[in-house]
Amino acid sequence: MNQKNSTVEQKIKRRNFISFGTFALLSAAAFGGWKWLYKSENEEMGITARARLPLRKAMNKTEVFFRNFFSDNNLVKTYPKSRAAKNVRVNSRIGLETDGFNPEEWELSVVKGDKDMLKLKMADLKALPKTEIIFDFKCVEGWDQIQHWAGVRFIDFVSHYHLENQTKMQYIGMKTPNSKYYVGLDMPSAMHPQTILAYEMNGEPLTLDHGAPLRLIIPVKYGIKNLKRIGTISFSDKRPGDYWARHGYDYYSGL
Ligand SMILES: Nc1nc2c(c(=O)[nH]1)N[C@H]1C(S)=C(S)[C@@H](COP(=O)(O)O)O[C@H]1N2
Ligand SMILES: [Mo]
């Protein structure tokens, strides 16, 4: 072997040593990081699916970033009526079981405080200003459709019933009359000017499949948060339970 070749060989050996060393170091760091994450505490149970606390913290940071980025004044894109689907998709029907539910006897319960409950009938809601919206409804399962809904804007509802103290809280919870489907909403999204308590679709009263007599239309969120057949609305500073968040979906579920 001549002089030249052996220096080349030495160089290769050194390179191999360096790259193996780097690999070993990085592996150790990755393993350490994994162990740290694995050993760290779980977030508080019961509200969302379980995640290690540091991960939950990171997720909350991203959520706050997007919340600020898409803040209140940003409106969701709307469309002309002619673009609205005639055959509106029905997705899922949790909490819409026919267990003795009678839309004629339906009332909306609004929990204002411990012993303070509003009970409203359809006529009360219809007496408020009606707003319509045509927008692209998006389901996390991967479909979307331009749909036409109408009802009372949540902010109009709040000011008419003087719910200012309640809406100073951080969250709203809504559930079906049988409590089988329920959603938690951050207050800014609920108070977004395009959020509607809807009683009409394509100019007609809602059908049972679409959430008659009253459903939530919240265009800044994915379909999962658009609760059909609202029974109760309540307010809190703690995150209310959320059906799909409990099954591992993102609690915020914003677009
Ligand atoms: N009560 C109730 N509301 C619900 C659901 C449900 O299963 N039960 N599914 C949600 C989901 S995942 C979507 S995409 C929309 C679908 O609304 P649609 O059936 O009117 O298209 O309703 C939401 N609201
Ligand atoms: Mo959905």
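Start by selecting Val-110 and Ile-233: Ile-233, in strand E10, is the bridge partner of Val-110. You are looking at a predicted model, so read each contact on this tour as a feature of that prediction.

**The parallel pair**

Now widen the selection to residues 108–113 and 232–236, which are strands E1 and E10. These two strands run parallel and share two bridges. Pick Ser-109 next, and you will find Thr-232 of E10 opposite. Keep Thr-232 highlighted, for Lys-175 also stands opposite Thr-232.

**Across to E5 and E6**

Lys-175 leads you to strand E5, residues 171–175. E5 pairs with E10 in the antiparallel sense, over five bridges. E5 also pairs with E6, again antiparallel and over five bridges. For a single contact between E5 and E6, select Gly-173 and its bridge partner Gly-184 in E6.

**Back to the hairpin**

Return to E1 and go the other way. E1 and E2 form an antiparallel pair with five bridges, and a hairpin joins them through two residues. To see where the pairing meets the turn, pick Gly-113 and its bridge partner in E2, Asp-116.

**The whole sheet**

Colour the five strands together. In what order do they lie? The order is E2-E1-E10-E5-E6, in an open sheet with mixed pairing. The edges are held by E2 (116–120) and E6 (182–186); each has a single partner strand, so one side of each has no neighbour in the sheet. If you turn the view along the sheet, you can follow the twist: neighbouring strands are turned by 20° against each other on average, direction ignored.

**An aromatic cluster**

Next, show side chains for Tyr-181, Tyr-182, Tyr-243, Trp-244 and Tyr-249, which form one aromatic cluster. Tyr-182 is also a residue of E6, whose span is 182–186. The structure holds 10 aromatic pairs, and two of them are worth a stop here.

- Tyr-243 with Trp-244: the ring centres are 5.0 Å apart and the planes meet at 80°, an edge-to-face pair.
- Trp-244 with Tyr-249: here the centres are 5.4 Å apart and the planes stand at 75°, so this pair is edge-to-face too.

Is Tyr-243 buried or exposed? Its relative accessibility is 17%, so Tyr-243 counts as buried, because the cut-off for buried is under 20%. Trp-244 has a relative accessible area of 22% and is partly exposed. Tyr-249, at 36%, counts as partly exposed as well.

**Charges over rings**

Two more selections show a charged side chain over an aromatic face. Select Lys-225 with Tyr-251: the lysine lies over the face of the ring, at 4.4 Å from its centre. Then select Arg-229 with Phe-101, where the arginine lies over the ring face at 3.8 Å from the centre.

**Zoom out**

Phe-101 is a handy place to step back, for residue 101 begins a span that UniProt (an unreviewed entry) annotates as "domain: Oxidoreductase molybdopterin-binding", covering residues 101–244. Select that span: 12% is helix and 38% strand, and its end C-alpha atoms lie 23 Å apart.

Finally, colour by domain. Domain 1 takes in 1–39, and domain 2 is made of 53–89 + 102–247. Which distance separates their C-alpha centres? The centres of domain 1 and domain 2 lie 56 Å apart.

Notes. Residues are numbered from 1 along each chain as its sequence is written. Chains are lettered from A and ligands numbered from 1 in the order in which they are written. This is a predicted model: local features need pLDDT of at least 70, side-chain atom pairs count only at pLDDT 80 or more; totals for chains, interfaces and linings use all residues. Side-chain values use heavy atoms; hydrogens and water are left out. UniProt positions are given in the numbering used here, feature names are shortened, and annotations may be inferred rather than shown by experiment. Helices (H or I, at least four residues) and strands (E, at least two) are DSSP runs, numbered from the N terminus. Domain bounds come from an automatic or database domain assignment. Two strands pair if DSSP finds at least two bridges between them. Axes are lines fitted to C-alpha atoms, for helices over the stretch in contact, and angles run from 0 to 180 degrees between N-to-C directions. Rings of Phe, Tyr and Trp (its six-membered ring) pair if their centres lie within 6.5 Å; planes under 30 degrees apart count as stacked, over 60 as edge-to-face and the rest as tilted. Buried means under 20% relative accessible area, exposed over 50%, partly exposed in between (1.4 Å probe, protein chains only). A charge sits over a ring if NZ of Lys or CZ of Arg is within 6 Å of the ring centre and within 35 degrees of the ring normal.
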